[in-house]
Amino acid sequence: MEKRASPSSLLLIAALAMASFQPLLEAVSLSKANFADNFNIMWSEDHFKTSEDGQIWYLSLDKETGCGFQTKERYRFGWFSMKLKLVGGDSAGVVTAYYMCSENGAGPTRDEVDFEFLGNRTGQPYLVQTNVYKNGTGGREMRHLLWFNPTEDFHSYSILWNNEQLLFFVDKVPIRVYKNNGKPNNFFPNEKPMYLFSSIWNADDWATRGGLEKTDWKKAPFVSSYEDFSVDGCQWEDPYPACVSTTTENWWDQYPAWHLSETQKLDFAWVKRNLVIYDYCEDTKRYPTPLEECSLSPWD
Ligand SMILES: *[C@@H]1O[C@H](CO)[C@@H](O)[C@H](O)[C@H]1NC(C)=O
Ligand SMILES: *[C@@H]1O[C@H](CO)[C@@H](O)[C@H](O)[C@H]1NC(C)=O
């Protein structure tokens, strides 16, 4: 695939889309806070480093192990964002993940919303895989190419989550729209509060060209960097926090956050035309009858 430059019109469109998201300006940014205030290290503390000022966090993978961290708090609905710079050079087999999950482990009834960055051989493009789980069942994968090299600079990856839709953003461009049909027993995670997680691990059994490209351990350690975590959402408190109600007090629960804006539609159409590599809704071998949510229109 030929490397395409981001058209400047797209950036302008993205900027306009942001402008229409005024409430973001009021986001409670946790980025200046100490890492330890917001996160716990999940495993392998010695594979985890921060910059001197504590603003950048480095996760490393070697032959022994990867590592990961998670928020102390859980959230239900809101805007969740992080900037990542992915493992550069030869990163085949390496997966960097940024995701939300209702549980600490891969429990059988978890809800989950994933961004996974699948590394590649030097000069070959990363893929972004997104997925949605409800009550332990997933299988809602999409894969996208990016319009920039994600190993050169930090870019933001964000999730907007409310009772109507889940949007996956890359630098404020919505790359995926996942809708709630509002019916009972639907496949939309909207009940369980979720933690945010980040991790790096070896997945050379499947990640790169379906597992054909193995991790080259001579290139280890593989390091991904994180900064500017921000949440503007409803922090969970047992049994039920006031902010989680369906009163539309919060911007993410209001009408403009339930649908793509006109400018977001243009961006999303561009992504659909140019960057989608895989969509489970189109995979008729795997799902001869498309899953129910596949009939929902992202444009509504
Ligand atoms: C969730 O999954 C569990 C175990 O797979 C099942 O027993 C339960 O009924 C499911 N709950 C809902 C609400 O579907
Ligand atoms: C890696 O590069 C190859 C060759 O360009 C491409 O087919 C593949 O989709 C890329 N990404 C992954 C994760 O395999």
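Which residues of β7 are buried on one side, and which on the other? Keep that in mind while reading the points below, which start from the sheets and end at the ligands.

1. First, a caution: what you have in front of you is a predicted model. Start with the open sheet of eight strands, whose order is β1-β4-β13-β6-β7-β8-β9-β15, with antiparallel pairing. Its edges are β1 (39-43) and β15 (276-279), each of which pairs on one side only. From one strand to the next, the twist averages 15°.

2. Now for the opening question. On one side of β7 you'll find E112, D114, E116 and L118, and on the other V113, F115 and F117; all are buried, so both faces of the strand are covered. The split follows a familiar pattern: side chains in a regular strand alternate between the two faces of the sheet. Seven of the seven residues of β7 (112-118) are buried, so the strand is largely enclosed by the rest of the structure.

3. The neighbours of β7 are worth tracing by eye. On the β6 side, seven bridges hold the antiparallel pair β6 and β7 together, and C101 stands opposite E112. With β8 (residues 127-133), β7 again runs antiparallel and shares seven bridges. Here E112 turns up once more, standing opposite Y133.

4. Step across to β6 (residues 94-101) and β13 (residues 195-202): they're antiparallel and pair over eight bridges. C101 is a handy landmark, since it stands opposite Y195 in β13 as well as opposite E112 in β7.

5. While you're in β13, have a look at I200, which sits in that strand. How many other C-beta atoms lie within 10 Å of I200? There are 28, and the cut-off for calling a residue buried is 20 or more, so I200 counts as buried. I200 and F222 are 22 residues apart in sequence, and their C-alpha atoms are 8.7 Å apart in space.

6. There's also an open sheet of seven strands, with antiparallel pairing and the order β2-β3-β14-β5-β10-β11-β12. The edge strands here are β2 (48-50) and β12 (173-179), and each pairs on one side only. The twist in this sheet averages 20° from one strand to the next. Inside it, β5 (residues 75-85) and β10 (residues 155-161) run antiparallel and are joined by seven bridges; if you want a pair to click on, L84 stands opposite H155 in β10.

7. Next, a helix. α3 (residues 262-274) has 13 residues and reaches 19 Å from its first C-alpha to its last, close to the 18 Å expected at 1.5 Å a residue. Which residues of α3 are buried? They are Q264, D267, F268 and V271. Looking down the axis of α3, these buried residues fall within an arc of 95°, so they line one face of the helix. The spacing makes sense, because an α-helix has 3.6 residues a turn and residues three or four places apart point the same way. E262, R273 and N274, on the other side of α3, are exposed.

8. Last, the ligands. Around ligand 1 are P108, T109, N135 and G136, a shell of one nonpolar, three polar and no charged residues. Ligand 2 has L118, N120, Q124, P125, L127, A207, T208 and R209 around it, dividing into four nonpolar, three polar and one charged. You've already met L118: it's among the buried residues of β7.

Technical notes. Residues numbered from 1 in each chain as written. Chains lettered and ligands numbered in written order. Predicted model: local features only at pLDDT ≥ 70, side-chain atom pairs only at ≥ 80, totals over all residues. Helix = DSSP H or I, 4+ residues; strand = E, 2+ residues; numbered from the N terminus. Expected span 1.5 Å × (residues − 1). Buried ≥ 20, exposed ≤ 12 C-beta atoms within 10 Å, placed from the backbone. Arc of directions from axis to C-beta. Pairing = 2+ DSSP bridges. Axes fitted to C-alpha atoms, helices over the stretch in contact; angles between N-to-C directions. Near = placed C-beta within 6 Å. Nonpolar A, V, L, I, M, F, W, Y, C, P; charged D, E, K, R; others polar.
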